[in-house]
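Biologist: I would like a close look at a single part of this model, the sheet and what packs against it. Please take me through it in one connected account.

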Amino acid sequence: MTITINNRTCEAATGQRLLDIARTNHAHIGYFCGGNGICQTCYVKVLEGAELLSPPSEPEKAMLSDRLLAEGTRMACLATIEKPGTITILSAVEEVKQMFETDPLQLTAYSAKMGWEALVKFPETVGMQIQRTLTGGFDLLQIFSDVVKAVTDALQLTLGGYVNGNREIGRGIAAPEGITQKRLAEESLGAMFNGCCRNSQEASHQPKDKHATLHAHSGNGVTA
Ligand code: FES
């Protein structure tokens, strides 16, 4: 089956976490903690097919306010596909990116709303994480390994995009006007820290010619 993440068609199967599907398909999604239910950057809005997903678990309910849940927000590392069907989701990082590109003024209200919803749940979230800690719910070695893997994957994507860009220039393919190696590096690193990835760029800025591939850098560090 396939599902749609940020307008990208992604291969998926029942039993898979939304986060894993997004990462495998390089769809733009946040995962600072490597998918261990800690960082809360993997928020996604389920636009279609919410009933096909696992119901929100207790940890998810401890982190998501009633309002966010009612709006269809889920945590991609804690939500799995239970039944096949049409599922469409938009990740929070992609939503922010789209706002930034189309109407940056919305960001203030969005940030205030998300900040408030996190504040409302803060005591419950902390309580749940303490409980997890006390009951051995955290495998620190696994978390460390997941985070390292996430960062490593992102660096590979980022550096791969940078190297490919330089290779194009080295082969004598002129960079588009205004694109320099320094800028390529800046864009690649910027992608890592700002949550702008190759695929989200491809989705919103389809390359029009071979030069445009220089823009289609990859990487995310904390995003897929
Ligand atoms: S909470 Fe960190 S990836 Fe979901």
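Modeller: I will start from one strand and work outwards; bear in mind that the model is predicted. Strand 5 has two faces: Ile 89 and Ser 91 lie on the covered one, while Thr 88 and Leu 90 lie on the uncovered one.

The strand belongs to an open sheet of five strands, ordered 2-1-5-3-4, with mixed pairing. The edges are taken by strand 2 (8-11) and strand 4 (73-75); each has a single partner strand, so one side of each has no neighbour in the sheet. On average, neighbouring strands are turned by 40 degrees against each other, direction ignored.

As a general point, strands of a sheet pair through backbone hydrogen bonds, either parallel or antiparallel. Strand 5 shows both arrangements here. With strand 1 it runs parallel, and two bridges join the pair; Thr 4 stands opposite Thr 88 of strand 5. With strand 3 it runs antiparallel, through four bridges, and there Ser 91 of strand 5 is the bridge partner of Val 44. Ser 91 is also one of the residues on the covered face.

Further out, strand 1 (residues 2-5) is joined to strand 2 by four bridges, and these two run antiparallel. One of the pairings is Ile 5 with Arg 8 in strand 2. Helix 4 (residues 92-102) packs on the sheet, where it touches strand 3 (43-48) and strand 5 (88-91), and its direction makes about 65 degrees with that of strand 5.

The loop between strand 1 and strand 2 holds Asn 6. Its phi is near 55 degrees, a positive value in a residue other than glycine. Asn 6 counts as buried because it has 25 C-beta neighbours inside 10 Å, the cut-off being 20 or more. Gln 40 is another residue other than glycine with a positive phi, near 65 degrees. Gln 40 sits in the loop between helix 1 and strand 3, and it is partly exposed, with 18 other C-beta atoms within 10 Å.

Next, the nonpolar residues. In soluble globular proteins, nonpolar side chains tend to be buried together. The largest nonpolar core in this model has 29 residues, and those with the most contacts inside it are Ala 22, Ile 29, Cys 42, Val 44, Met 75 and Ala 76. Strand 1, helix 1 (18-24), strand 3 and helix 4 are the elements that give two or more residues to this core. Helix 1 gives the most, with four residues. Leaving aside neighbours within four places in sequence, Met 75 is in contact with Gly 37, Cys 42, Tyr 43, Glu 60, Met 63 and Leu 64.

Helix 4 also meets helix 5 (residues 106-134): their axes come within 9 Å and cross at roughly 155 degrees. The two helices are therefore roughly antiparallel, since angles over 145 degrees count as such. Val 96, Met 99 and Phe 100 of helix 4 meet Gln 106, Leu 107 and Tyr 110 of helix 5. By class, this contact has five nonpolar residues, one polar and no charged ones.

For the wider setting, the chain has eight helices and five strands. Of its 224 residues, 32% count as buried. Among contacts with a separation of 6 or more, 71% are between residues 24 or more positions apart.

Conventions. Residues are numbered from 1 along each chain as its sequence is written. This is a predicted model: local features need pLDDT of at least 70, side-chain atom pairs count only at pLDDT 80 or more; totals for chains, interfaces and linings use all residues. Two strands pair if DSSP finds at least two bridges between them. Axes are lines fitted to C-alpha atoms, for helices over the stretch in contact, and angles run from 0 to 180 degrees between N-to-C directions. Two residues are in contact if their C-beta atoms, placed from the backbone, lie within 7 Å. A nonpolar core is a set of buried Ala, Val, Leu, Ile, Met, Phe, Trp, Tyr and Cys residues joined through C-beta atoms within 7 Å. A residue is buried if 20 or more other C-beta atoms lie within 10 Å of its own, exposed if 12 or fewer, and partly exposed in between; C-beta atoms are placed from the backbone. Angles under 35 degrees count as roughly parallel, over 145 as roughly antiparallel, 65 to 115 as roughly perpendicular and the rest as oblique. Ala, Val, Leu, Ile, Met, Phe, Trp, Tyr, Cys and Pro count as nonpolar, Asp, Glu, Lys and Arg as charged, and the others, Gly among them, as polar.
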